[in-house]
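Please read this briefing alongside the sequence and the 3D structure, which are shown next. The points below are grouped by topic.

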Amino acid sequence: MTVPQQLETGKEPEEEGSSLAVQVSGLTKIYPGGTKAVDNVSFEVKEGEIFGLLGPNGAGKTTTIKIITTISRPTAGAIRVFGVDALSSPETVRRMLGFVPQAISVDGDLSGYENLLIFAKLFYVDRDQRDRRIHEALELFGLADRANDLVKHYSGGMMRRLEIAQALVNRPRLLFLDEPSIGLDPYSRLQVIDHIRQLNRNFGTTILLTTHDMAEADELCDRLAIMSMGKIATSGAPKELKRSVGGDVLTVVASGKLPDSIPPELGSVASSLQGTMKILTVDGEKAIPRVTDHLEGLGAVVESVSLSRPTLDDVFMKYAQGSLQQEGTYKDARSARRSATRHGR
Amino acid sequence: MSSLQRSVSSAFTIAEMEARKLRHDSTELWMRTVQPALWLLVFGEVFNAIRGLNLGGFSYIQYIAPGVLAQSVLFIAIFYGITIVWERDVGLLTKLLSTPSPRISVVVGKALAAGVRGIFQGIMIFALALIIGVNLRFDPLDIAGVLLVSVLFAMCFASLSMTLASFLKTRDRMMGIGQVITMPLFFASNAIYPISLMPAWLQTVSVYNPLSYVVDGMRAMLLTGDYSGLPVDILVIFAFTTAFILSASVLLKRLIE
């Protein structure tokens with residue numbers, strides 16, 4: 001993907017509310033031993049959006065997040081978080097962001113309340129706001145009645161909610177979520193997704209998340225990027241990406257005479273066999289009545305029309321899989337994963 | 001808040017985190033008193049019968065009381081590296097390091113927490129000494145001094161342990177290194193016998209052993225009341241502590257890279 005290089009010109013023209021939360025350019029991370037975990041990656045996250053970073057295991061997502069959160073240093077490249085250089089002022093950057101790692105990172109030996117209290121202190125949340133925010137967060141996330149229980153007795157879903165509640169106490173401008181719904185049952189997963197959306201809508205928190213769940217990414221993300229072998233394979237809004245792997249497919253079952261072709265503004269006929277016709281089109285829902293009208297105008301009797309759309313899975317398979325076959329071997333993938341594990345998740 | 005205020009406040013917050021955990025479950029603290037109790041009650045009592053040692057007029061059990069305290073603090077502190085590796089494994093360390101708090105605060109906070117445990121050990125040794133009738137100097141200032149040295153010493157070895165953890169990186173290796181470090185330090189010190197009894201080469205080693213200075217300082221406050229060596233003792237421990245805190249702060253990120 002190509003991103004216009006943001007040069008430091010002193011002042012940047014503010015376009016209506018579209019300032020940037022994250023600007024990453026030319027990011028490269030080579031681990032000792034030569035594994036290139038991230039290879040010249042550039043992307044931007046706009047303020048107020050939910051941005052997804054997807055990709056197969058070992059694609060470099062977690063490494064990228066670690067570098068933006070200033071936990072790890074890049075081999076090359078530049079990172080700006082709300083305009084602040086993450087390499088020269090890591091502590092200023094860390095004050096603006098919250099991080100929920102992939103593994104559950106709440107402290108099981110403390111109560112839910114204490115977990116929020118300690119991390120609020122470590123984030124220097126004002127003393128006079130601290131307690132009110134903690135109680136609000138516990139209430140909102142349905143943890144108030146268990147606030148004084150040790151977290152090790154919580155369920156996985158409650159622990160995850162506590163971690164996200166932390167963000168409500170600390171009010172970071174940018175929240176990183178690494179696989180937020182991994183290992184959760186469907187109900188807890190829905191709750192977590194709902195809370196993420198609330199944070200984004202009600203508090204304007206910009207969110208950068210990674211996930212393997214394509215349906216979740218489609219549902220939550222305003223924009224996303226797919227990483228593969230340390231590079232960004234493609235990026236854009238979920239809708240655009242789905243369109244890019246091919247349009248919608250209409251399957252028409254009809255009796256009577258079916259044409260071999262239809263006007264191009266309706267789409268194109270992919271196959272027409274024994275009263276079943278497959279039509280490739282751009283905007284499937286709108287095409288249904290028009291195609292039906294057209295076919296019935298020609299004397300056919302349409303019995304049913306079904307629409308199938310490409311999913312993000314198709315996008316993922318195309319870009320992630322494609323680049324694996326192109327330039328990656330099983331051995332590369334394995335060594336990337338191994339070193340990712342060795343250097344911490 | 002200035003950045004110094006923030007560092008100090010964060011260090012105390014990390015220590016508070018550990019203290020709160022101890023309040024929820026203090027089983028480990030109590031179990032940690034078994035070993036020093038054995039040293040005093042069994043080893044001390046048995047060797048009390050031997051009069052051949054020149055201990056400056058003190059009984060053997062009096063003589064080893066400061067050594068046993070120093071040793072028990074050492075054993076607690078040296079395992080802090082395992083704690084930090086465990087926190088890395090469960091993802092807590094990553095989260096701690098993603099807060100705006102400076103890294104040195106994380107190290108100092110953990111070291112202070114080791115100090116809290118050190119104080120507990122100190123109190124337990126005093127209590128034991130009272131119960132079994134070991135005559136120590138129970139002067140409030142001396143007690144305060146001994147507890148202070150315990151805190152400093154716990155911080156010293158907790159930070160050394162965290163420094164080592166950033167190289168060794170796994171819990172198993174840290175368990176091993178704990179054994180490798182503690183016993184030689186213990187035997188190459190004046191904890192359970194006077195340095196003058198050691199062979200010449202071991203005497204040289206003991207000069208570079210921080211444990212000797214700790215025991216010497218504690219012994220001055222608990223037994224002899226001769227404070228002439230105390231400034232040097234405290235200065236040496238302080239220097240070691242500062243060096244290890246700085247090295248751990250710089251190297252800690254190796255654990256999560």
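Chain B averages a pLDDT (the predictor's confidence in each residue, from 0 to 100) of 93, and 100% of its residues score at least 70. This is a predicted model, in which local features need pLDDT of at least 70 and side-chain atom pairs count only at pLDDT 80 or more, while totals for chains, interfaces and linings use all residues. Residues are numbered from 1 along each chain as its sequence is written, and chains are lettered from A and ligands numbered from 1 in the order in which they are written.

**Confidence**
- Within chain B, the mean is lowest, at 89, in helix α6 (residues 92-97), and highest, at 96, in helix α12 (residues 230-251); helices (H or I, at least four residues) and strands (E, at least two) are DSSP runs, numbered from the N terminus.
- The model as a whole scores ipTM 0.89 and pTM 0.82.

**Helix packing in chain B**
- Helix α1 (residues 3-24) of chain B packs against helix α7 (residues 103-132) of chain B at an angle of about 45°, with their axes 7 Å apart; axes are lines fitted to C-alpha atoms, for helices over the stretch in contact, and angles run from 0 to 180 degrees between N-to-C directions.
- α1(B) and α7(B) are therefore oblique to each other, as angles under 35 degrees count as roughly parallel, over 145 as roughly antiparallel, 65 to 115 as roughly perpendicular and the rest as oblique.

**Sheet in chain A**
- An open sheet of six strands in chain A, with mixed pairing, follows the order β6-β7-β8-β3-β9-β10, where two strands pair if DSSP finds at least two bridges between them.
- Strands β3 (residues 50-54) and β8 (residues 206-210) of chain A run parallel and are joined by four bridges.
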